[in-house]
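Got the model open and a selection box ready? Let's walk through it stop by stop.

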Amino acid sequence: MLQDHLISAAHLSRDDIEAVLDHAAAVDADPDLVRGRHDGRVLALCFFEPSTRTKMSFESAMKRLGGETIDMGAVDSSSVKKGESLADTVRVIEGYADALVLRHPSEGSAKLATEFVDVPLVNAGDGAGQHPSQTLLDLYTIRENAGLDDLTIGIMGDLKYGRTVHSLAHALTNFDARQHFISPESLRLPRNVRYDLHEAGAQVREHTDIEAVLSELDVLYVTRIQRERFPEEREYREVAGEYRIDTDTLAAAPDDLTVMHPLPRVDEIAPDVDETTHAKYFEQAHNGVPVRMALLDILLGGDDR
Ligand code: NCD
């Protein structure tokens, strides 16, 4: 069963994933199933880094469950600005809420925070580490469009700093999935993730060129180069704009290829792709609401509360 907290996709079993996805599908089909179930409960949103989709979809999810949200607001206007530690911040906020969603620039921060809180905590991104709730909505979208078994997926872009990539790659080891990683040499998957995939017996191949695998793919998961994580702007400029797809690139793709992106995109998917039947990234973003409703419902104890 899903633990009290959701910190890393590496902790998710196939049963955990299917429980959330099945519940999300039921909620999606009939929102009345959970309407008002968490009336009077409060979700705290603690975002130490920018967010649009993740924060707003958690907010929408909690409200649709009948609950309320409180928001720490911008770091500049919080006590963090006065030098408060993360441990103290979450210890205090835990007293105001029934669950916490945390996004923070340091890898390992969500795990650290769980040492100080008893209410369920969801890691909504810890630096270049993990982003497991994004993975659940990614898997939901993959399941709806291509199925999760006998899947061939290409994951392209910033595999080094992309936390959505790390979480997705871990979670896919629970399924019969062939994972092709496509990136410049300098942005390959980190060694620890490659090691974990190897240990899990995942079917993994790495490429520098999309053309090598495009025709085999069921899903192409494109990611943004994570400019904010590069130690040097020069290093970013060396790779920026290199991994971009447009309708010309997709001419060689299977007709039923599903193209995904966690968003925000910069220029890695040309706008002309939006009009094709391949484009599923807006649907993917919308799936954030039912999936996070299902996740919060489970973490808050479902109807046994
Ligand atoms: C991602 C993130 O924050 O890691 N965004 C999101 O949550 N949908 C991807 C990104 O910022 O590139």
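Start by selecting D22, keeping in mind that this is a predicted model. D22 is partly exposed, with a relative accessible area of 44%. Now add R143, which is also partly exposed, at 29%. Their side chains meet in a salt bridge, 2.8 Å from N to O. Colour helix α1 (residues 14–29) and helix α5 (residues 132–145) while you're here: D22 sits in α1 and R143 in α5, so this pair ties together parts that are 121 residues apart in sequence. The structure holds 19 salt bridges, and a couple of others are worth a click.

Next, pick D71 and K55. Here the side chains meet in a salt bridge at 2.9 Å, N to O. This pair also links distant parts of the chain, with D71 in strand β2 (residues 68–71), K55 in helix α2 (residues 53–64), and their positions 16 residues apart. Which of the two partners is buried? K55 counts as buried, at 18% relative accessibility, whereas D71 is partly exposed, at 41%.

Now go to helix α3 (residues 86–94) and show D88 and R91. They form a salt bridge whose closest N and O atoms are 3.3 Å apart. D88 and R91 are 3 residues apart in the helix, so about one helical turn separates them. Both ends are partly exposed: D88 has a relative accessible area of 35%, and R91 comes in at 44%. For a network rather than a pair, select R14, E18 and D149, which are joined by salt bridges that share partners.

Stay with α3 for a moment, because V92 belongs to that helix and is partly exposed, with a relative accessible area of 39%. Add I70 and Y96 to the selection and turn on the surface. I70, V92 and Y96 form a nonpolar patch there, with about 270 Å² of accessible area together.

Time to go inside. Nonpolar side chains tend to be buried together in soluble globular proteins. How many residues are in the largest nonpolar core here? It has 53, and those with the most contacts inside it are L136, I153, I155, L172 and L295. Colour helix α11 (residues 288–299) as well, since it supplies the largest share of this core, 7 residues. Then centre on L172 and list its contacts, leaving out neighbours within four places in sequence: you should find L139, L148, L151, I153, I155, A177 and Q179. There is also a second, separate core of 19 residues, and M156, Y243, A253 and Y281 are among its members.

For the strands, make β8 (residues 219–222) your anchor. In a regular strand the side chains alternate between the two faces of the sheet. Look along β8 and you'll see V219 and Y221 pointing one way, L220 and V222 the other way, and all of them buried. Bring in β5 (residues 151–156), which runs parallel to β8 and is joined to it by 4 bridges. Then bring in β9 (residues 258–260), also parallel to β8, with 3 bridges between them. L220 is a handy place to look both ways: it has G154 opposite it on one pairing and V259 of β9 opposite it on the other.

Now for the loops. Select P184, in the loop between β6 (177–182) and α7 (191–199). Is P184 buried or exposed? It is buried, with a relative accessible area of 7%. Beyond its neighbours within four places in sequence, P184 is in contact with G157, V239, E242 and Y243. Draw a distance from P184 to H261, too: they are 77 residues apart in sequence and 18 Å apart in space, C-alpha to C-alpha.

Last, check some backbone geometry. Most residues other than glycine have a negative phi, and most peptide bonds are trans. Zoom in on the loop between β9 and α10 (281–286), where P264 is found. A cis peptide bond joins L263 and P264, with omega at about 5 degrees. L263 lies in that loop between β9 and α10 as well, its phi is a positive value near 60 degrees, and the residue is buried, with a relative accessible area of 13%. For one more positive phi, select D150 in the loop between α5 and β5: its phi is about 55 degrees, although D150 is not a glycine.

Key
Residues numbered from 1 in each chain as written. Predicted model: local features only at pLDDT ≥ 70, side-chain atom pairs only at ≥ 80, totals over all residues. Heavy atoms only, no water. Salt bridge = Lys/Arg side-chain N within 4 Å of Asp/Glu carboxyl O. Helix = DSSP H or I, 4+ residues; strand = E, 2+ residues; numbered from the N terminus. Buried < 20%, exposed > 50% of the residue type's maximum accessible area, 1.4 Å probe, protein only. Core = buried A, V, L, I, M, F, W, Y, C linked by side-chain atoms within 4.5 Å. Contact = heavy atoms within 4.5 Å. Pairing = 2+ DSSP bridges. Patch = residues over 30% accessible without salt bridge, like charges linked within 9 Å, V, L, I, M, F, W, Y side chains within 5 Å. Areas by Shrake-Rupley, 256 points an atom, 1.4 Å probe, with all protein chains shown as cover.
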